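Got your viewer open? Let's take a short walk around this model, picking out one selection at a time.

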Amino acid sequence: MKRASSLWLTQALLLLPALAWSQAEPLQLQIVELPPYMVVSPDGAISGTVVDLTLAAFRKAGIAVVMEIVPASRQLAVLKQNAGPVCSVGWIKNPERASYAKFSDMVRQDAPWVVVAPANWRSPAAATLQALLANSRINVLVKQSFFYGDYLEQKMATMRAKRQISTGNMGQLLKMIAAGRADLTFVPRDGFQYYVRNGRVEAGQLQVVDLPDMPPGFQRHLMCSKSVSDDVLKRFNAALSPPQPTSARLLPRSQ
């Protein structure tokens, strides 16, 4: 079976009896794989720190959902079209997105950002983010088309450090750092811990550098088209609470 993240798949996840849901059809939820927040296993099971909280809130609110794996750029296009009620899981709120979408209360906040460098890399004494990015001898590895947040984006826009761009995912960027192909990259601490814990990267080949001027982790929300009623979001917000671990399984459209 091909990895579920490479397929367009759906599953009706009936969290409570259908009578609890005021619309005839379940609410469509879009996700994209982004460990550890949204994780798709080879057998199609979905879990993750943000997914678990989101599904628990829908279950508590009595709202049925259909889940679908959709590339991030396509998710944004669907929400802009506003052709029907659809929500995307785990998004960051900013003014541009808020102009065409509705947002829930915060579902979860990521761990703070850290610098990850090769194990043998020697950080300058009393290092700060500002000082590192001002150093033209440092090579910073960044993911193409990835939003690092306003703070890091502003700092990197004016940095003297070299920018090396990769199309790889976070795990692949960490492997590139371990191999010494760049001096450092930026990741949330919980993202780094996920890849180490799951054996995707060797912790002994890397070091985490905490800097005093690194930003806090992203606040993640449910982002919905404007066709989603305010009542749905109100019920979702009211149901947000520490959940029990949960998972969902995606099934092909034809099933």
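**Stop one: the largest pocket**

Start with the largest pocket, which has a volume of about 1,000 Å³. Select Val32, Glu33, Leu34, Lys143 and Phe146: of the 37 residues that line this pocket, these are the closest to its centre. Keep in mind as you look around that this is a predicted model.

Next, colour helix H2 (72-81), strand S6 (86-92), helix H6 (170-178) and strand S12 (184-188), since each of them supplies at least two residues of the largest pocket's lining. Which element gives the largest share of that lining? It's H6, with five residues. If you colour the lining by class, you'll get 20 nonpolar, ten polar and seven charged residues.

**Stop two: the second largest pocket**

Now move to the second largest pocket, with about 240 Å³ of space. Select Gly149, Asp150, Pro216, Gly217 and Phe218, the closest to its centre of the 16 residues that line it. Helix H5 (residues 150-157) gives the most to this lining, with three residues. By class, the lining of the second largest pocket splits into nine nonpolar, five polar and two charged residues.

**Stop three: aromatic rings**

Time for some rings. A pair of aromatic rings is described by the distance of the centres and the angle of the planes. The count for this model comes to six aromatic pairs. For one of them, show Trp113 and Phe218: they're edge-to-face, 5.4 Å centre to centre with 80° between the planes. Trp113 sits in strand S9 (residues 113-118) and Phe218 in the loop between strand S13 (206-209) and strand S14 (219-225), so this pair ties together parts that are 105 residues apart in sequence.

Are these two rings' residues buried or exposed? Trp113 counts as buried, at 3% relative accessibility, and Phe218 counts as buried too, at 9%.

Keep Phe218 and add Phe147. Their ring centres are 6.3 Å apart and their planes are at 5°, so this pair is stacked. The pair links distant parts of the chain, 71 residues apart: Phe147 is in the loop between strand S10 (139-143) and H5, while Phe218 is in the loop between S13 and S14. Phe147 counts as partly exposed, at 27% relative accessibility.

To see the whole group, select Trp113, Phe146, Phe147, Tyr148 and Phe218, which form one aromatic cluster.

**Last stop: a charge over a ring**

Finish by selecting Arg220 and Tyr37. Arg220 lies over the face of Tyr37, at 4.4 Å from the ring centre.

Notes: Residues are numbered from 1 along each chain as its sequence is written. This is a predicted model: local features need pLDDT of at least 70, side-chain atom pairs count only at pLDDT 80 or more; totals for chains, interfaces and linings use all residues. Side-chain values use heavy atoms; hydrogens and water are left out. On a 1 Å grid over the protein atoms alone, a cavity is a set of points where a 1.4 Å probe fits but cannot get out, and a pocket is an open set with protein on both sides within 12 Å along at least five of seven lines; lining residues have an atom within 4 Å of a point. Grid points are joined across faces, edges and corners, and a volume is the space filled by probe spheres set on the points. Helices (H or I, at least four residues) and strands (E, at least two) are DSSP runs, numbered from the N terminus. Ala, Val, Leu, Ile, Met, Phe, Trp, Tyr, Cys and Pro count as nonpolar, Asp, Glu, Lys and Arg as charged, and the others, Gly among them, as polar. Rings of Phe, Tyr and Trp (its six-membered ring) pair if their centres lie within 6.5 Å; planes under 30 degrees apart count as stacked, over 60 as edge-to-face and the rest as tilted. Buried means under 20% relative accessible area, exposed over 50%, partly exposed in between (1.4 Å probe, protein chains only). A charge sits over a ring if NZ of Lys or CZ of Arg is within 6 Å of the ring centre and within 35 degrees of the ring normal.
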